[in-house]
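Student: Hey, can you help me look at how helices pack in this one? I get lost once they start crossing.
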Amino acid sequence: MANELGFPNREVIEKIWAEYGLNERSIKEAVDMLKDWIQSQPHLPKEEGSLHDARLERWLIRCKNSMERTKQSIDLYYTLKSLSPEMMCDWNLQSKWFKTISKLAYFTAMPRMTPEYERVVCFGLLSKDTTDLVIEDWYRISLMTVEVRMCEDYSLRDIFVIDLANYTLAHVAKFSFPSMKKVEVCNIKAFSTRLKAFHVINAPPFAGVFVELLKSVLSSKLAARVHVHGTDLTELHKQVPKESLPTEMGGCGGSIIANWNLWLKKLEKYQDYFLQHENVKSDEKKRIGGNAVSSDFFGFEGSFRKLNVD
């Protein structure tokens with residue numbers, strides 16, 4: 001399964017380590033330091049096991065070997081599980097919401113990384129029917145795939161490609177600033193996703209509302225990395241290798257549905273993990289310096305409070 005999803009081998013992992021001056025010994029030392037720090041924080045849950053170590057390692061990589069940034073990201077992750085359960089909890093594959101959204105939308109990291117060790121993540125709608133579509137559930141299933149990648153995958157950066165081929169006027173009202181802001185904070189900040197570029201393809205004339213909403217929830221730095229394409233994907237192919245794109249996007253990485261089915265099978269493997277992890281979250285009553293509240297992270301100004309990680 002890991003090979004089918006394109007998770008890298010040891011050689012590639014060591015090359016990614018080298019980007020930040022890391023090796024097996026320094027990684028272990030850093031992970032041990034992070035575990036000691038977590039133990040010193042009364043409000044954070046105390047996890048154990050190989051998957052916990054793997055996630056700490058990837059947090060460190062995603063934060064470019066900055067211990068301070070890694071601590072902030074870890075703290076935010078557990079805090080958002082308490083403050084934003086509609087995004088970060090109820091990751092049950094047997095739930096009605098999961099069975100519905102997995103047939104209506106996809107969020108798949110492609111198996112072939114770029115030569116620069118970047119992971120292309122493609123997402124879009126599988127149907128134009130909006131009857132049962134809940135956008136927040138689409139966000140939630142996307143975060144489930146990110147969690148799996150935190151346990152198994154490696155990459156230096158992500159390239160997002162959203163296909164609006166099935167986007168209609170009826171979808172416009174489905175997207176809102178508050179929910180988009182929440183998934184942005186969860187993905188970009190709590191999981192420390194490093195976003196190189198965000199490509200919007202097959203954009204219809206009325207997609208401007210969606211694009212402006214997307215840019216409004218991103219930082220100015222990331223908003224500048226949003227590129228909009230119509231049905232002509234020539235410019236996309238100049239920036240993203242075809243080997244890292246699905247067939248429907250002019251690539252040779254297999255069909256969208258085939259890749260999404262692989263991801264659904266991988267999520268099934270994590271069913272027990274998701275259920276066991278449901279209540280692994282911060283205890284805000286024990287936080288030194290006062291409770292964190294939602295407005296600290298999801299304010300309309302687009303900023304979020306810097307957590308104290310001393």
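Tutor: Sure, let's begin with a term: a crossing is right-handed if the near helix is turned clockwise from the far one by less than a right angle, and left-handed if anticlockwise. Also, keep in mind that this is a predicted model.

Student: Ok, so which way does α4 pass α5?
Tutor: That one is a right-handed crossing.

Student: And which residues of α4 and α5 make the contact?
Tutor: From α4 you have His52, Arg55, Leu56, Trp59, Leu60 and Arg62, and α5 brings Arg69, Thr70, Ser73, Ile74, Tyr77 and Tyr78. Sorted by class, the contact of α4 with α5 has six nonpolar, three polar and three charged residues.

Student: At what angle do the axes of α4 and α5 cross?
Tutor: Roughly 125°, and the axes come within 9 Å. Angles from 115 to 145 degrees fall in the oblique class, so α4 and α5 are oblique to each other.

Student: New topic: where are α10 and α11, and how do their axes cross?
Tutor: Helix α10 covers residues 177-190 and helix α11 covers residues 208-217; their axes come within 9 Å and cross at roughly 50°. That angle makes α10 oblique to α11.

Student: Is that crossing left-handed or right-handed?
Tutor: α10 passes α11 in a right-handed crossing.

Student: Who's touching whom there, in α10 and α11?
Tutor: Phe177, Met180, Lys181 and Glu184 of α10 meet Phe210, Leu213, Leu214, Ser216 and Val217 of α11. By class, that contact of α10 with α11 divides into six nonpolar, one polar and two charged residues.

Note on methods:
Residues numbered from 1 in each chain as written. Predicted model: local features only at pLDDT ≥ 70, side-chain atom pairs only at ≥ 80, totals over all residues. Heavy atoms only, no water. Axes fitted to C-alpha atoms, helices over the stretch in contact; angles between N-to-C directions. Helix = DSSP H or I, 4+ residues; strand = E, 2+ residues; numbered from the N terminus. Parallel < 35°, antiparallel > 145°, perpendicular 65-115°, else oblique. Contact = heavy atoms within 4.5 Å. Nonpolar A, V, L, I, M, F, W, Y, C, P; charged D, E, K, R; others polar.
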